[in-house]
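Trainee: I'd like a close look at the salt bridges in this one. Could you walk me through them and show me where they sit in the fold?

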Amino acid sequence: MPRAHVSVRLATDDDLPVLVDLWTELRDVSPRRPRTAHTPESPEQRLRTVIADPACRVVVAVVDEEPVGMAVLSRTWVSPLLDAMAVQVSLLVVSASHRKHGVGRALVTAAVSYGEEIEADEVVVSVLPSLREANRFYAQLGFSPQVMRRTAPVAGLRRRLGTPQERRSHTDLARRRARLAPARVRTALRRAQS
(Lines give C-alpha, C1' and ligand atoms only; values in the text may rest on other atoms or scores of the structure.)
Protein backbone atom coordinates (compact mmCIF):
# COMPACT_ATOMS: atom_id res chain seq x y z
CA MET A 1 0.00 0.00 0.00
CA PRO A 2 1.50 3.37 -0.96
CA ARG A 3 2.10 5.98 1.70
CA ALA A 4 -0.88 8.24 2.16
CA HIS A 5 -0.54 12.00 2.24
CA VAL A 6 -0.49 12.91 5.92
CA SER A 7 -1.10 16.42 7.18
CA VAL A 8 -0.76 17.54 10.78
CA ARG A 9 -2.75 20.33 12.37
CA LEU A 10 -3.59 21.63 15.84
CA ALA A 11 -6.36 19.71 17.58
CA THR A 12 -9.65 21.43 18.32
CA ASP A 13 -12.59 20.60 20.56
CA ASP A 14 -14.28 19.15 17.44
CA ASP A 15 -11.60 16.42 17.45
CA LEU A 16 -12.36 15.29 21.01
CA PRO A 17 -14.34 12.12 20.15
CA VAL A 18 -11.54 10.85 17.90
CA LEU A 19 -8.86 11.86 20.41
CA VAL A 20 -10.64 9.92 23.16
CA ASP A 21 -10.82 6.86 20.86
CA LEU A 22 -7.09 7.13 20.08
CA TRP A 23 -6.23 7.55 23.75
CA THR A 24 -8.35 4.50 24.61
CA GLU A 25 -6.63 2.50 21.86
CA LEU A 26 -3.22 3.36 23.31
CA ARG A 27 -4.31 2.44 26.83
CA ASP A 28 -5.67 -0.89 25.58
CA VAL A 29 -2.33 -1.93 24.04
CA SER A 30 -0.26 -0.85 27.05
CA PRO A 31 0.40 -4.03 29.04
CA ARG A 32 0.68 -2.15 32.31
CA ARG A 33 -1.79 0.65 32.32
CA PRO A 34 -0.70 3.42 34.65
CA ARG A 35 -3.37 4.41 37.10
CA THR A 36 -4.76 7.80 36.28
CA ALA A 37 -5.01 10.52 38.87
CA HIS A 38 -8.09 10.45 41.05
CA THR A 39 -10.13 13.02 39.24
CA PRO A 40 -13.82 13.33 38.43
CA GLU A 41 -12.93 14.53 34.93
CA SER A 42 -13.73 12.32 31.99
CA PRO A 43 -11.04 11.63 29.36
CA GLU A 44 -12.83 14.10 27.10
CA GLN A 45 -12.68 16.83 29.76
CA ARG A 46 -9.03 16.11 30.44
CA LEU A 47 -8.18 16.31 26.74
CA ARG A 48 -10.17 19.54 26.44
CA THR A 49 -8.07 20.98 29.28
CA VAL A 50 -4.82 19.94 27.59
CA ILE A 51 -5.92 21.42 24.24
CA ALA A 52 -6.62 24.74 25.98
CA ASP A 53 -3.36 24.71 27.97
CA PRO A 54 -0.88 27.22 26.46
CA ALA A 55 2.04 25.11 27.78
CA CYS A 56 0.91 22.16 25.64
CA ARG A 57 0.28 21.55 21.99
CA VAL A 58 -2.02 18.77 20.85
CA VAL A 59 -1.62 17.89 17.18
CA VAL A 60 -3.70 15.61 14.99
CA ALA A 61 -2.49 13.66 11.96
CA VAL A 62 -5.06 13.58 9.18
CA VAL A 63 -5.34 11.29 6.15
CA ASP A 64 -8.14 11.95 3.64
CA GLU A 65 -9.74 14.40 6.10
CA GLU A 66 -9.88 11.66 8.77
CA PRO A 67 -7.93 12.09 12.04
CA VAL A 68 -5.79 8.95 12.40
CA GLY A 69 -3.18 9.93 14.99
CA MET A 70 -2.37 12.40 17.71
CA ALA A 71 0.50 13.66 19.82
CA VAL A 72 0.60 15.71 23.00
CA LEU A 73 3.63 18.00 23.07
CA SER A 74 4.84 20.19 25.88
CA ARG A 75 7.75 22.46 26.61
CA THR A 76 10.02 21.25 29.37
CA TRP A 77 13.60 21.37 30.60
CA VAL A 78 15.95 18.46 29.96
CA SER A 79 16.69 18.68 33.69
CA PRO A 80 15.64 21.22 36.33
CA LEU A 81 19.27 22.24 36.79
CA LEU A 82 20.24 22.52 33.12
CA ASP A 83 19.42 25.38 30.77
CA ALA A 84 18.51 23.04 27.91
CA MET A 85 14.91 23.30 26.69
CA ALA A 86 13.18 20.21 25.28
CA VAL A 87 9.91 19.20 23.68
CA GLN A 88 8.31 16.36 25.62
CA VAL A 89 6.18 14.01 23.52
CA SER A 90 4.07 12.65 26.35
CA LEU A 91 1.60 10.81 24.14
CA LEU A 92 1.86 9.75 20.53
CA VAL A 93 -0.63 7.29 19.08
CA VAL A 94 -1.54 6.22 15.55
CA SER A 95 -4.68 4.19 14.88
CA ALA A 96 -3.86 0.54 14.23
CA SER A 97 -5.23 0.70 10.68
CA HIS A 98 -2.85 3.54 9.71
CA ARG A 99 0.44 2.39 11.22
CA LYS A 100 3.50 2.05 8.96
CA HIS A 101 2.18 4.65 6.53
CA GLY A 102 4.12 7.72 7.69
CA VAL A 103 1.63 8.99 10.28
CA GLY A 104 3.97 8.59 13.28
CA ARG A 105 6.80 10.18 11.32
CA ALA A 106 4.55 13.17 10.52
CA LEU A 107 3.68 13.57 14.21
CA VAL A 108 7.38 13.48 15.21
CA THR A 109 8.06 16.05 12.46
CA ALA A 110 5.44 18.27 14.14
CA ALA A 111 7.32 17.85 17.44
CA VAL A 112 10.55 18.89 15.73
CA SER A 113 8.85 21.95 14.21
CA TYR A 114 7.51 22.89 17.64
CA GLY A 115 11.02 22.43 19.06
CA GLU A 116 12.46 24.77 16.44
CA GLU A 117 9.72 27.31 17.20
CA ILE A 118 10.50 27.38 20.94
CA GLU A 119 14.26 26.98 20.38
CA ALA A 120 14.43 23.62 22.15
CA ASP A 121 17.61 21.58 22.10
CA GLU A 122 16.01 18.13 22.18
CA VAL A 123 12.85 16.11 21.68
CA VAL A 124 12.15 13.66 24.49
CA VAL A 125 9.76 10.70 24.33
CA SER A 126 8.73 8.21 26.97
CA VAL A 127 7.76 4.73 25.87
CA LEU A 128 7.24 1.52 27.81
CA PRO A 129 10.04 -1.01 27.25
CA SER A 130 7.45 -3.68 26.41
CA LEU A 131 6.16 -1.73 23.38
CA ARG A 132 8.75 -3.12 20.98
CA GLU A 133 7.27 -1.66 17.80
CA ALA A 134 7.21 1.83 19.29
CA ASN A 135 10.77 1.47 20.60
CA ARG A 136 12.00 0.34 17.16
CA PHE A 137 10.19 3.27 15.54
CA TYR A 138 11.90 5.82 17.79
CA ALA A 139 15.29 4.11 17.48
CA GLN A 140 15.05 4.23 13.67
CA LEU A 141 14.50 7.99 13.91
CA GLY A 142 17.64 8.44 16.02
CA PHE A 143 16.22 8.46 19.56
CA SER A 144 18.47 6.73 22.06
CA PRO A 145 17.91 5.79 25.70
CA GLN A 146 19.03 8.51 28.05
CA VAL A 147 17.87 7.24 31.43
CA MET A 148 16.19 4.20 32.93
CA ARG A 149 13.01 5.44 34.56
CA ARG A 150 11.60 3.18 37.26
CA THR A 151 8.24 3.49 38.98
CA ALA A 152 6.75 2.00 42.15
CA PRO A 153 3.38 2.38 43.88
CA VAL A 154 3.43 4.82 46.79
CA ALA A 155 1.78 2.31 49.16
CA GLY A 156 4.37 -0.35 48.30
CA LEU A 157 7.24 2.03 48.89
CA ARG A 158 5.75 3.17 52.19
CA ARG A 159 5.68 -0.45 53.38
CA ARG A 160 9.25 -1.10 52.27
CA LEU A 161 10.65 2.15 53.61
CA GLY A 162 8.92 1.97 56.98
CA THR A 163 10.56 0.88 60.21
CA PRO A 164 10.97 -2.88 60.77
CA GLN A 165 7.94 -2.74 63.10
CA GLU A 166 5.80 -1.08 60.38
CA ARG A 167 6.97 -3.60 57.77
CA ARG A 168 6.05 -6.48 60.13
CA SER A 169 2.59 -5.05 60.82
CA HIS A 170 1.87 -4.69 57.08
CA THR A 171 2.99 -8.29 56.50
CA ASP A 172 0.87 -9.54 59.43
CA LEU A 173 -2.16 -7.63 58.12
CA ALA A 174 -1.71 -9.10 54.63
CA ARG A 175 -1.46 -12.62 56.11
CA ARG A 176 -4.61 -12.12 58.20
CA ARG A 177 -6.53 -10.83 55.17
CA ALA A 178 -5.40 -13.82 53.11
CA ARG A 179 -6.37 -16.24 55.88
CA LEU A 180 -9.80 -14.62 56.42
CA ALA A 181 -10.66 -14.26 52.73
CA PRO A 182 -12.16 -17.78 52.36
CA ALA A 183 -14.28 -17.24 55.49
CA ARG A 184 -15.58 -13.93 54.07
CA VAL A 185 -16.49 -15.63 50.83
CA ARG A 186 -18.38 -18.42 52.67
CA THR A 187 -20.24 -15.85 54.78
CA ALA A 188 -21.17 -13.81 51.70
CA LEU A 189 -22.42 -16.96 49.94
CA ARG A 190 -24.55 -17.95 52.96
CA ARG A 191 -26.05 -14.45 53.08
CA ALA A 192 -26.79 -14.49 49.36
CA GLN A 193 -28.52 -17.89 49.62
CA SER A 194 -30.77 -16.81 52.51
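Mentor: Sure, and keep in mind that this is a predicted model. Let's start with D13 and R48, whose side chains meet in a salt bridge at 3.8 Å, N to O. D13 lies in the loop between β1 and α1 (16–29), while R48 is in helix α2 (residues 43–52), so this pair ties together parts that are 35 residues apart in sequence. The cut-off for a salt bridge here is 4 Å, so the D13–R48 distance of 3.8 Å falls within it.

How open are these two to solvent? D13 has 41% relative accessibility, so it counts as partly exposed. R48 is partly exposed too, at 34%.

Now stay on R48, because it also forms a salt bridge with E44, with the closest N and O atoms 3.6 Å apart. R48 and E44 are 4 residues apart in helix α2, which means about one helical turn separates them. E44 has a relative accessible area of 33%, which makes it partly exposed as well. Put those two contacts together and you get a network of salt bridges linking D13, E44 and R48.

Next, look at E117 and R57, whose side chains meet in a salt bridge at 2.9 Å, N to O. E117 lies in helix α3 and R57 in strand β2, so here the pair ties together parts that are 60 residues apart in sequence. E117 is exposed, with a relative accessible area of 52%, whereas R57 is partly exposed at 22%. Those are the pairs I'd click through; the full count in the model comes to 5 salt bridges.

To place that helix-to-strand pair, you need the sheet. It is an open sheet of 5 strands in the order β1-β2-β3-β4-β5, with mixed pairing. The edge strands are β1 (6–10) and β5 (122–125), each pairing on one side only. From one strand to the next, the twist averages 30°. Helix α3 (residues 103–117) packs on this sheet and touches β1, β2 (56–63), β3 (66–77), β4 and β5. The direction of α3 makes about 160° with that of β4.

While you're there, follow β4 (residues 85–94) across to β5: the two strands run parallel and are joined by 4 bridges. If you want a landmark on that stretch, V89 stands opposite V125 in β5. Then go back to the E117–R57 salt bridge, and you'll see it linking helix α3 to strand β2, one of the strands that α3 touches.

Key. Residues numbered from 1 in each chain as written. Predicted model: local features only at pLDDT ≥ 70, side-chain atom pairs only at ≥ 80, totals over all residues. Heavy atoms only, no water. Pairing = 2+ DSSP bridges. Axes fitted to C-alpha atoms, helices over the stretch in contact; angles between N-to-C directions. Contact = heavy atoms within 4.5 Å. Buried < 20%, exposed > 50% of the residue type's maximum accessible area, 1.4 Å probe, protein only.
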